[in-house]
Amino acid sequence: MLFRRLYSSTKLQYLSLRCFSSATPSLVLKHGDVLKKSRVFTKEDVLQYSMVSRDSNPLHTDSTAAQNVGFEGPLVHGMLVASLFPHIISSHFPAAVYVSQTLKFKLPVYIGDQIVGEVEATNLRENKNRYLAKFKTRCFKNGEILVIEGEALALLPTLDYKAVEV
């Protein structure tokens, strides 16, 4: 309901939004911009996520169980990999509100794989002192193999913005 009200009450505008992070103190987000984060998930990450999520599926912790169903080894939870997306957004826009996420899991991610998560701004809409931002979300294994894709919506707070001609 909150999303429908925000989405329908806004006018389509292409904006640039100032990001706030220690790594990129003056980054401006525009339509088409891509933000990235790289990560290698460890066995400890998977075990901790299993405990917190109470996901006891042996595909994530037992090599034999994973191999018996055709995988190379234990899998990293898809939702753990997808957690890169809100991390990327909130690291550039503190106090961002993650509204929704769609995901398609394309290929398995194994412990030790180098994963690059990226979010690409595809639509920015003004709403009072916030912006509804739509992102294309993707994760790549070893920099080139697509393992997850989807879309995310987030409310981005900002006081510093300017209109961008398209």
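Two strands count as paired if DSSP finds at least two bridges between them, and I keep this rule at the head of my notes on what is a predicted model.

**Entry 1, the sheet.** I looked up how the strands are arranged, and I found an open sheet of five strands in the order β3-β5-β6-β7-β4, with antiparallel pairing. I then asked myself which strands form the edges of this sheet. They are β3 and β4, since each of them pairs on one side only. Neighbouring strands of the sheet are turned by 20° against each other on average, with direction ignored. As a reminder to myself, strands of a sheet pair through backbone hydrogen bonds, and the pairing is either parallel or antiparallel.

**Entry 2, one pair of strands.** I picked β5 and β6 for a closer look, and I noted that they pair in the antiparallel sense over 12 bridges. Following one of the residues across, I found that the bridge partner of Ala121 is Phe135, which belongs to β6.

**Entry 3, helix α5.** Next I turned to the helix that lies across β3, β4, β5, β6 and β7, which is α5, and I wrote down that it runs at about 55° to β5. Which residues of α5, spanning residues 84–92, are buried? I listed Leu84, Phe85, Ile88, Ile89 and His92. These residues cover an arc of only 130° around the axis, so they sit on the same side of α5. When I checked what covers them, I found that the cover includes β3, α4, β4 (97–105), β5 (114–127), β6 (130–141) and β7 (145–157).

**Entry 4, helix α2.** I went on to α2, which comprises residues 43–53, and there I found Asp45, Val46 and Ser50 buried. Because they cover an arc of only 135° around the axis, they lie on the same side of α2. On the other side of this helix, Met51 and Val52 are exposed. The buried residues of α2 pack against β3 (34–40) and α4 (78–82). I also noted that Arg54, the residue that follows α2, has a positive phi, near 60°.

**Entry 5, Asp45.** I wanted to know why Asp45, with 19% relative accessibility, counts as buried. The cut-off for buried is under 20% relative accessible area, so Asp45 at 19% falls within it. Leaving aside residues up to four places away in sequence, I found that Asp45 touches Arg39, Val40 and Leu80. With one of these, Arg39, the contact is also polar, as the side chain of Asp45 makes a polar contact with the side chain of Arg39 at 3.0 Å.

Definitions and conventions:
Residues numbered from 1 in each chain as written. Predicted model: local features only at pLDDT ≥ 70, side-chain atom pairs only at ≥ 80, totals over all residues. Heavy atoms only, no water. Buried < 20%, exposed > 50% of the residue type's maximum accessible area, 1.4 Å probe, protein only. Arc of directions from axis to C-beta. Contact = heavy atoms within 4.5 Å. Polar contact = N/O pair within 3.5 Å; in protein donor to acceptor, adjacent residues only side chain to side chain. Axes fitted to C-alpha atoms, helices over the stretch in contact; angles between N-to-C directions.
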